[in-house]
There are 2 protein chains.
Amino acid sequence: MKIEFITSNQHKFEEAKHILSDWELEQVNIDLTEIQGTRFEIMKAKAKEALRILKRPLLVEDVSLCCSALGGLPGPYIKDFLRSIGNDGLYELIHKYADHSVQAICVVSYIKPGLEPILFEGIVEGTIVAPRGKTRNETYSWSPIVQPLGSNKTYGEMSIEEQSKCSMRYVALTKLKHFLETEID
Amino acid sequence: MKIEFITSNQHKFEEAKHILSDWELEQVNIDLTEIQGTRFEIMKAKAKEALRILKRPLLVEDVSLCCSALGGLPGPYIKDFLRSIGNDGLYELIHKYADHSVQAICVVSYIKPGLEPILFEGIVEGTIVAPRGKTRNETYSWSPIVQPLGSNKTYGEMSIEEQSKCSMRYVALTKLKHFLETEID
């Protein structure tokens with residue numbers, strides 16, 4: 001079965017292609033509306049909009065950054081947070097609180113004609129730290145300020161191989177893989 | 001000319017009706033998508049969506065709360081901020097910084113068939129203070145923590161008459177009024 005992955009990010013596409021190697025994954029780059037709401041509402045709306053355009057099985061994904069000290073904020077609004085205060089600003093903000101814990105949560109939304117979107121979630125627990133390392137590709141990336149539990153590096157200091165080992169996207173895509181394996185067409 | 005005002009809030013409708021008394025204002029209550037983006041992008045998208053549904057001259061409005069300490073956040077995401085950390089949480093957050101200044105910014109978006117939306121902005125300068133007074137009607141209202149400059153009361157402590165005197169909505173709607181007066185149909 002052919003599945004379209006809506007992303008402009010080559011690295012994300014390669015990662016997904018590796019995990020979903022039993023299916024014919026195609027990269028499609030189209031602009032989709034990002035609504036306000038919970039990460040689930042946003043990803044459902046995105047998949048539905050993409051289906052209206054493409055009319056084929058497809059997946060979309062996005063990562064929310066949920067800080068415990070802020071009751072789960074910035075969540076899906078992480079790009080706007082970084083646009084407003086940057087990685088330095090978010091680090092300083094969280095370090096005004098005692099609790100620096102964070103969850104990086106990837107939601108993958110899979111949809112095909114005639115069905116509602118199905119969501120798969122991958123969560124990595126971590127800590128907000130002072131920026132170390134680089135951002136990759138993306139302008140508003142939190143990689144330098146998030147250090148996954150069990151690692152002494154931030155995502156920004158890791159090689160792509162190291163990142164893959166603590167990838168919330170990997171967890172969510174593996175759940176989708178298991179679903180697709182058992183799905184009856 | 002008849003103009004539809006998309007709002008579920010009776011008080012907002014009465015305020016607008018009072019200011020735009022030369023036009024026949026009608027209250028319409030429909031659910032519109034709230035996209036992510038700047039307050040301008042959000043209000044343009046809302047007006048366009050409403051026009052697709054109603055196909056008549058109409059206006060939509062919303063208020064962003066822009067804290068200087070956070071580079072303009074929460075901005076249009078104020079409802080989600082209050083849902084996550086509440087008025088107490090936002091007050092505590094801002095008071096971890098030296099700068100407690102805030103702008104309450106109303107954007108009114110007016111559109112009619114065949115035209116792009118036109119935006120009018122009303123800004124009230126104020127300070128984030130410890131919660132005093134009540135919220136009115138709305139579940140996620142910041143009225144108790146915003147004190148406009150020149151007042152010793154928060155919006156939550158004011159009567160509706162007092163609120164009207166420092167209303168960002170009043171400023172924006174008055175700009176719309178002046179535009180409508182000079183508009184050639």
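This report describes how the two chains of a predicted model are arranged and which salt bridges hold charged side chains together.

**The two copies**

Chain B is superposed on chain A by a rotation of 180° with 0.0 Å of shift along its axis, and the RMSD of this superposition is 0.0 Å. The two copies are thus related as by a two-fold rotation axis. In chain B, the C-alpha nearest this axis belongs to B:Ile35, which lies 1.9 Å from it. The contact between the chains can be described in a similar way: 100% of the interface residues of chain B are also interface residues in chain A, so the copies meet through the same surface.

**Salt bridges**

Over all chains, the structure holds 28 salt bridges. Among them are the three pairs in the table below, each given with its N to O distance.

| Lys or Arg | Asp or Glu | N to O distance |
|---|---|---|
| A:Arg169 | A:Glu61 | 3.1 Å |
| B:Lys46 | B:Glu34 | 3.4 Å |
| B:Lys79 | B:Asp62 | 3.8 Å |

In chain A, the salt bridge between A:Arg169 and A:Glu61 links distant parts of the chain, since A:Arg169 belongs to helix α5 (residues 168-182) and A:Glu61 to strand β3 (residues 58-67), 108 residues apart. Both A:Arg169 and A:Glu61 are buried. These two residues also take part in a network of salt bridges, in which they are linked with A:Lys12 and A:Glu15.

In chain B, the side chains of B:Lys46 and B:Glu34 meet in a salt bridge. B:Lys46 lies in helix α2 (residues 39-54), whereas B:Glu34 lies in the loop between β2 (24-28) and α2, so the pair ties together parts that are twelve residues apart in sequence. Buried means under 20% relative accessible area, and therefore B:Lys46, at 12% relative accessibility, counts as buried. B:Glu34 also counts as buried, because its relative accessibility is 18%.

The salt bridge between B:Lys79 and B:Asp62, again in chain B, links helix α3 (residues 78-94), where B:Lys79 is found, to strand β3 (residues 58-67), where B:Asp62 is found, and the two residues are 17 residues apart. Here the partners fall into separate classes of accessibility: B:Lys79 counts as partly exposed at 32% relative accessibility, whereas B:Asp62 counts as buried at 16%.

Terms used. Residues are numbered from 1 along each chain as its sequence is written. Chains are lettered from A and ligands numbered from 1 in the order in which they are written. This is a predicted model: local features need pLDDT of at least 70, side-chain atom pairs count only at pLDDT 80 or more; totals for chains, interfaces and linings use all residues. Side-chain values use heavy atoms; hydrogens and water are left out. Copies are superposed by least squares on the C-alpha atoms of residues with pLDDT of at least 70 in both. Contact means heavy atoms within 4.5 Å. A salt bridge is a side-chain nitrogen of Lys or Arg within 4 Å of a carboxyl oxygen of Asp or Glu. Helices (H or I, at least four residues) and strands (E, at least two) are DSSP runs, numbered from the N terminus. Buried means under 20% relative accessible area, exposed over 50%, partly exposed in between (1.4 Å probe, protein chains only).
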